[in-house]
Structures are given as structure tokens and as C-alpha cells.
Amino acid sequence: MEEKKPHENVRAVERALEILQAFRPGDRELTVAELLTRVDLSRPTLYRLLNTLEQNGFLASSGEPQRFRLGSAVAQLAHTWMANNTIAQIAQPMLRELWEATSETVALFVPEDTYRICVAELESPQPLSFRRGVGYREKLMLGASGRTILSEMKLAASDLQRYLTDPGQDVAALAADLETIRARGYGTSHHALIAGAVAVAAPFFNGANQVAGSVCIFGPSVRVTDERIQQFAALLEREAGNLSRALGQHGETARARAGTRR
């Protein structure tokens, strides 16, 4: 049997990962036909990779026609990742405090290059609510949770270029908006990523006084009024401060001084 070239093996891994990444929140199972609309693979190649992933526990299948779902090996990786994600663990009491005080969805985000990723979330118990889900990834530029992180990175206008989602975006206006968020201590967004959703976010910091992420509250605009935004902001700043101290931040910060002026 002819030995595969190294680049062919690498490509096979890339294609297998594309299949796993084709599963989105809410996708309990997917058929081969549905997967073919999400990955650029021929049917024979897809079947071959599906079989390999299933043999190794990354996928499981059932039914006729065959339907695939994520397998136990994915759950094991997720468990390992969550177990090692100390920020998500440390933040649980603060998130729980916010969740109980607001009855809205509360989430924790950390930066990942030009993106932020959700590492913990407590979903609102109310019938009308919004959630993103652990693992959700979005550009820092979009939404309150991302812009709040970006505002504390204190980037020069020239450095902001790589974070833009639209090359024609007004960098000067963006820089001014980020400075407003930083000076105020929290960010807000209305209908930015989900129609009808309002988000309020505050940053938290590590022991080196560097921004480590943001804590965010999501809710529908019918409940999250201007008055509640102010209430949420005060709660977020308090719990973000508690989280920052838990992560090793010392001394009075600009954010704490801003809180005493309110």
C-alpha cells in the first residue's frame, strides 16, 4: 500500500475538524445531506471521515437515514477544557450573584486574539430570554461584551485596524466610543447581534492589572429598560471587581474610584 504523504495526512485532519465544527448550537443530529451543505467534501470522503470519527468516539450515529451527533470523546475534551479553565470556575459565585439579582442570562467572556469566547453562562429562567452558549465566539468589535474588553486594551487608532469588521469603518469614531466605555466603566449594546436583545457588560482584570475579559448580562429590551441598565451596570461593576480581586488584582483601580463617584 502506498504511504500517504505528510500533507495528505494533515489535510485529512483538517477535513475531520471541519466536520466537527459543522455542528452548531441546537444541532442535536445531522444527516449526511445536511453535512454536505456545510463542508466542502465529496460524499465518499465525507463517509470515510465520518466512519473514522465514529470509530474514535468523536461522533455517534443512529437511524435510517443515518444521523450523526457529537460523541463522548467531544464531551471528554469539553470536560477537560472546562476543568482547566480556572477563570470560569473562580467566577461562578459572582455569576450566580448576578443571575439571582437580575433573573437574566449572565455570561463570562475572555479575549482570544481579535475575538472573545464565552467560557461560562447561566441562562435566564424566564420564558423570553437570550443565550449564546459556552464556546460561542464572536469578534471583539461586535457587541457590549467585546467592546468592553477592547476598551480596556487602550489601543492606538492604528492598532484598531486589525479589529475592524468593516474596512470602511470610522476608526476615530470607534476610538471615541471605546474611550467612552472605558471612562464610564461599562458598555451597552441594543439589537447589536440579536434583534430585541440588550446587553450590559463590565470588564474584569488579572493580577497584572491587564483586562482578562468581561462579565455580561443579556435580556430583552421589553425588560432591560434604561433604568435597569443602570442597575445592571452597578451590579456588574461590583461583581467584576470581586472577580478581579479573586484573580489577584491589588490596590484601588480607576474603576473602583469611578464607582465611588456615582
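A charge counts as sitting over a ring if NZ of Lys or CZ of Arg is within 6 Å of the ring centre and within 35 degrees of the ring normal. Keep that in mind for the first view; the model throughout is a predicted one.

**View 1. Two arginines sit over aromatic rings.** Arg96 is placed over the face of Trp99, 5.0 Å from the ring centre. Over at Phe109, the ring face is covered by Arg116, and here the distance to the ring centre is 5.6 Å.

**View 2. Phe109 and Phe218 make an aromatic pair.** You'll find one aromatic pair in the structure. The ring centres of Phe109 and Phe218 are 6.2 Å apart and the planes meet at 70°, so this one goes down as edge-to-face. Phe109 belongs to strand S4 (residues 105-112) and Phe218 to strand S9 (residues 211-220), so the pair links parts that are 109 residues apart in sequence. Both partners are tucked away: Phe109 is buried at 1% relative accessibility, and Phe218 is buried at 10%. Phe109 is also the ring that has Arg116 over its face.

**View 3. One cavity turns up, with Phe218 close to its centre.** Searching the whole structure gives one cavity of 30 Å³ or more. The largest cavity holds about 120 Å³ of space. Its lining counts 14 residues, and the closest to the centre are Arg132, Ser189, Leu193, Ala199 and Phe218. Sorted by class, that lining is eight nonpolar, four polar and two charged residues. Which strand gives the largest share of the lining? That would be S8, with three residues. Helix H7 and strand S8 (197-205) each put at least two residues into the lining.

**View 4. Helix H7 is mostly covered.** H7 spans residues 144-151, and eight of its eight residues are buried. The buried set runs Ala144, Ser145, Gly146, Arg147, Thr148, Ile149, Leu150 and Ser151. H7 is also one of the elements that supply at least two residues to the lining of the largest cavity.

**View 5. Cys118 and Cys216 stay unbonded.** How many disulfides does the structure hold? Zero. A disulfide needs two cysteine sulfur atoms within 2.5 Å. For Cys118, the closest cysteine sulfur is that of Cys216, and at 9.4 Å it is too far for a bond. Looking from Cys216, the closest cysteine sulfur is in Cys118, again 9.4 Å away. Neither side chain is out in the open: Cys118 is buried at 0% relative accessibility, and Cys216 is buried with a relative accessible area of 0%.

How values were computed
Residues numbered from 1 in each chain as written. Predicted model: local features only at pLDDT ≥ 70, side-chain atom pairs only at ≥ 80, totals over all residues. Heavy atoms only, no water. Buried < 20%, exposed > 50% of the residue type's maximum accessible area, 1.4 Å probe, protein only. Helix = DSSP H or I, 4+ residues; strand = E, 2+ residues; numbered from the N terminus. 1 Å grid on protein atoms, 1.4 Å probe; cavity = no way out; pocket = protein on both sides within 12 Å on 5 of 7 lines; lining within 4 Å. Points joined across faces, edges and corners; volume = space filled by probe spheres on them. Nonpolar A, V, L, I, M, F, W, Y, C, P; charged D, E, K, R; others polar. Phe/Tyr/Trp six-rings, centres within 6.5 Å; stacked < 30°, edge-to-face > 60°.
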